[in-house]
Amino acid sequence: MFAASLGEMVACLIRVPTEVVKQRSQACPTLGTRKVFVETIRQEGISGLYRGFGSTVKREIPFALVQFPLWEFLKVLWSWKQNSAVDSWQSAVCGAFAGGFSAAVTTPLDVAKTRIMLAKVRLWNNIAAKTNGRGMSLYRDAKCWSNSAGQAA
């Protein structure tokens, strides 16, 4: 389990910046992924891409610690019940159930991670102000982001 946890932490070095840009782009789709990425770097630096790294790791490790042992247990149980090894489709069904259960258990951690990643509202309000009426959609997006982040800002 230690190796799996360490692997999750290393994977988060790639996953978190991607997730930050994805979450912010989804919160305000008219800004566009490229604009979100560029403005995050410009306003917050590289560290802005790693906003929520700790909360993401704290979500990923419990997810994996629930998912993989449950997946293995379900495969063993199914194999025991049918008295033969599970087929690949049966393993996939076990994995889907284990993943769904793990996601349900870790949803509160995922919500916290998302709120942390969207919490930099002032940045996007600054972008909207700098457009000087040229892009009302940017202002609307900044407000959208603000509403998405809730009280996390």
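The following legends describe close-up views of a predicted model of one protein chain.

**View 1. The chain as a whole is built from helices, with seven helices and zero strands.** From the N terminus, the order of elements is α-α-α-α-α-α-α. Of the 153 residues in the chain, 37% count as buried. The accessible surface amounts to about 8900 Å², and carbon and sulfur atoms account for 64% of that area. Among contacts between residues at least 6 apart in sequence, 76% connect residues at least 24 apart.

**View 2. The largest nonpolar core comprises seven residues.** Its members are V21, A27, C28, L31, V36, L49 and L118. When neighbours within four places in sequence are set aside, V21 contacts T33, V36, F37 and L49. A second, separate core has six residues, including V16, V20, V57 and I61. In soluble globular proteins, nonpolar side chains tend to be buried together.

**View 3. Two buried cysteines, C28 and C94, are shown in a chain with zero disulfides.** C28 has a relative accessibility of 0% and therefore counts as buried. C94, at 4% relative accessibility, is likewise classed as buried. C28 also belongs to the largest nonpolar core.

**View 4. A nonpolar patch of about 820 Å² lies on the surface.** The patch is formed by F2, L6, M9, V10, L13, I14, I46 and Y50. Helix α1, spanning residues 2-27, supplies the largest share, six residues. Y50 is located in the loop between α3 (46-49) and α4 (53-82). With a relative accessible area of 32%, Y50 is partly exposed, and so it passes the patch requirement of over 30% relative accessible area.

**View 5. G99 is a buried glycine in helix α5.** This helix covers residues 88-117. The relative accessibility of G99 is 15%, so the residue counts as buried. Not counting residues up to four places away in sequence, G99 touches F63 and Q67. The C-alpha atoms of G99 and A64 are 8.8 Å apart, although 35 residues separate the two along the chain.

**View 6. A salt bridge joins the side chains of E19 and K113.** The N to O distance is 2.7 Å. This pair connects distant parts of the chain, with E19 in helix α1 and K113 in helix α5, 94 residues apart. Both E19 and K113 are buried; for K113 the relative accessibility is 1%.

**View 7. D110 forms a salt bridge with K113 within helix α5.** The closest N and O atoms of this pair are 3.6 Å apart. Because D110 and K113 are three residues apart in helix α5, about one helical turn separates them. D110 is partly exposed, at 28% relative accessible area, whereas K113 is buried. D110 and K113 also take part in a network of salt bridges that links E8, R15, E19, K22, R59, E60, D110 and K113. The chain has a total of 11 salt bridges.

**View 8. R42 and E39 are paired in a salt bridge in helix α2.** The closest N and O atoms lie 2.7 Å apart. Helix α2 spans residues 33-44, and the two residues are separated by about one helical turn because they are three residues apart in this helix. R42 is partly exposed, with a relative accessible area of 47%. E39, by contrast, counts as buried at 6% relative accessibility.

Key:
Residues are numbered from 1 along each chain as its sequence is written. This is a predicted model: local features need pLDDT of at least 70, side-chain atom pairs count only at pLDDT 80 or more; totals for chains, interfaces and linings use all residues. Side-chain values use heavy atoms; hydrogens and water are left out. Patches are made of residues with over 30% relative accessible area and no salt bridge: like charges are joined within 9 Å, nonpolar side chains (Val, Leu, Ile, Met, Phe, Trp, Tyr) within 5 Å. Accessible areas come from the Shrake-Rupley method with a 1.4 Å probe; for residues, only the protein chains shown count as cover. A salt bridge is a side-chain nitrogen of Lys or Arg within 4 Å of a carboxyl oxygen of Asp or Glu. Helices (H or I, at least four residues) and strands (E, at least two) are DSSP runs, numbered from the N terminus. Buried means under 20% relative accessible area, exposed over 50%, partly exposed in between (1.4 Å probe, protein chains only). Contact means heavy atoms within 4.5 Å. A nonpolar core is a set of buried Ala, Val, Leu, Ile, Met, Phe, Trp, Tyr and Cys residues joined through side-chain atoms within 4.5 Å. A disulfide is a pair of cysteine sulfur atoms within 2.5 Å.
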